[in-house]
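These exercises are meant to be worked through with the sequence and the 3D structure at hand. Please try each task before reading the solution below it.

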Amino acid sequence: MSRQASSTLVRWPKILLLGDSQTQYGFNEESSWVSKLASHFQRRCDVINRGFSGYNSRWLKEMIPKLIDEELAKECAAVTLFLGSNDANRKDINPQQHVPLEEYKSALMYMVHHLIKLGIRKECIILVAPPPVDEELWGKCKKLTGAELGLFNTNLVKYAGACCEVSSELNVACIDLFSEMMKHEDWKKYVNVDGLHLATEGGNLLAQLLLTKLDQTCSDCCTKFPEWNSVNKDDSAESFQNVH
């Protein structure tokens, strides 16, 4: 007779992704970089998407206590911060989203320190610098809404650099997505038809870069529950009793 399995709830480690629309849209079919992470870590880690379209580092700095507390931090195997695409808008054109460069850098530093204070180890924090924008395509999208183009690569490269500086100063990992994309002459293939967000190629690139780091950071996160062909068919509870 099969015994009853323990009713203790099994909890999975978490990979928490914080950011703007570049993160929010990471579950979309086109970009799908978040989906790729979730697929890669299935049964090992829960990937939590906390991306907020249109948001900037100033707002995320204020929100972060509402997004992660000590209890969630205990379960986090990794946390990513992916911001800057909105911050880099010119103030004279888009003051709603613009954040000055030094404030952007300061906000990133604050959020990293906050995560560390909650108990997240430095090696578990990954910054992602904003990618370049196809100014022609993004300008057309803005024009359709009656707005003026306020985002330019001459600004974005500075914000990407500031993100890398925070990484160096605080000794946390960083993916310089701007530079990684600009290595390629045909870099525009990495952004979708709106010119701003990641296309399939861009999502693949980011997922590959993140997985290189996450596979190391999350190396201790094992698959939960045995494979189906390893379950004791005569006493399934025995197969599950040591899962925690």
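**Exercise 1.** Does Ser167 count as buried or exposed, and at what relative accessibility?

*Solution.* The model is a predicted one, and the values that follow are computed from it. Begin with the place of the residue: Ser167 lies in helix α7. Next, take the accessibility, which is 10% for Ser167. The cut-off for a buried residue is a relative accessible area under 20%, so Ser167 counts as buried. Finally, look for its partners, leaving aside the neighbours within four places in sequence: Ser167 is in contact with Leu127, Val172, Ala173 and Cys174.

**Exercise 2.** Describe the protein as a whole, by its helices and strands, its box and its share of buried residues.

*Solution.* Start with the elements, of which the protein has ten helices and five strands. Then turn to the extent of the chain: taken along the principal axes, the C-alpha atoms fill a box of roughly 75 × 35 × 30 Å. Of the 244 residues in the protein, 50% are buried. As a last step, consider the contacts with a separation of 6 or more, 77% of which are accounted for by residues 24 or more positions apart.

**Exercise 3.** Find the buried residues of helix α2 and explain on which side or sides of the helix they lie.

*Solution.* Helix α2 spans residues 33-40, and its buried residues are Trp33, Val34 and Leu37. Around the axis they cover an arc of only 105 degrees, and therefore they lie on the same side of α2. The next step is to ask what covers these buried residues, and the answer includes β1 (14-19), α1 (21-24), β2 (46-51), β3 (76-82) and α9 (200-217).

**Exercise 4.** Work out how α2 packs against α9, and which residues make the contact.

*Solution.* Two packed helices are described by the angle between their axes and the distance between the axes. For α2 and α9 the angle is about 40 degrees, and the axes are 8 Å apart. The crossing of these two helices is right-handed. On the side of α2, the contact is made by Trp33, Lys36, Leu37 and His40, while α9 brings Gly203, Asn204, Leu206, Ala207, Leu210, Leu211, Leu214 and Asp215. Sorted by character, the residues of this contact divide into seven nonpolar, three polar and two charged.

**Exercise 5.** Which residues of the largest nonpolar core touch the most other members, and which element gives the most to the core?

*Solution.* In soluble globular proteins, nonpolar side chains tend to be buried together. Here the largest nonpolar core has 43 residues, and those that touch the most other members are Leu16, Ile68, Tyr104, Met111, Leu115, Ile120 and Leu127. Two or more residues each come from β1, α3 (57-67), α4 (70-75), β3, α5 (101-117), β4 (125-128) and α7 (153-170). Among these elements, α7 gives the most to the core, with seven residues. Apart from this core lies another, of 28 residues, which include Ile15, Val47, Val128 and Leu210.

To follow one member in detail, take Ile120: leaving aside its neighbours within four places in sequence, Ile120 is in contact with Ile68, Ala73, Cys76, Val79, Leu115 and Ile125.

**Exercise 6.** Describe the packing of α5 and α7, and sort the residues of their contact by character.

*Solution.* First, the geometry: α5 and α7 pack at an angle of about 35 degrees, with 10 Å between their axes, and α5 passes α7 in a right-handed crossing. From α5, the residues Leu101, Tyr104, Lys105, Leu108, Met109, Val112 and His113 meet Lys158, Tyr159, Ala162, Cys163, Glu165, Val166, Glu169 and Leu170 in α7. The residues of this contact divide into ten nonpolar, one polar and four charged.

**Exercise 7.** Where do Arg43 and Asn171 lie, and how exposed is each of them?

*Solution.* Arg43 has its place in the loop between α2 and β2, and its phi is near 70 degrees, a positive value in a residue other than glycine. With a relative accessible area of 35%, Arg43 is partly exposed. Asn171 is found in the loop between α7 and β5 (173-175), where it has a positive phi of about 60 degrees although it is not a glycine. Asn171 has a relative accessible area of 60% and is exposed.

Definitions and conventions: Residues numbered from 1 in each chain as written. Predicted model: local features only at pLDDT ≥ 70, side-chain atom pairs only at ≥ 80, totals over all residues. Heavy atoms only, no water. Buried < 20%, exposed > 50% of the residue type's maximum accessible area, 1.4 Å probe, protein only. Helix = DSSP H or I, 4+ residues; strand = E, 2+ residues; numbered from the N terminus. Arc of directions from axis to C-beta. Contact = heavy atoms within 4.5 Å. Core = buried A, V, L, I, M, F, W, Y, C linked by side-chain atoms within 4.5 Å. Axes fitted to C-alpha atoms, helices over the stretch in contact; angles between N-to-C directions. Left-handed = near helix turned anticlockwise from the far one by under 90°. Nonpolar A, V, L, I, M, F, W, Y, C, P; charged D, E, K, R; others polar.
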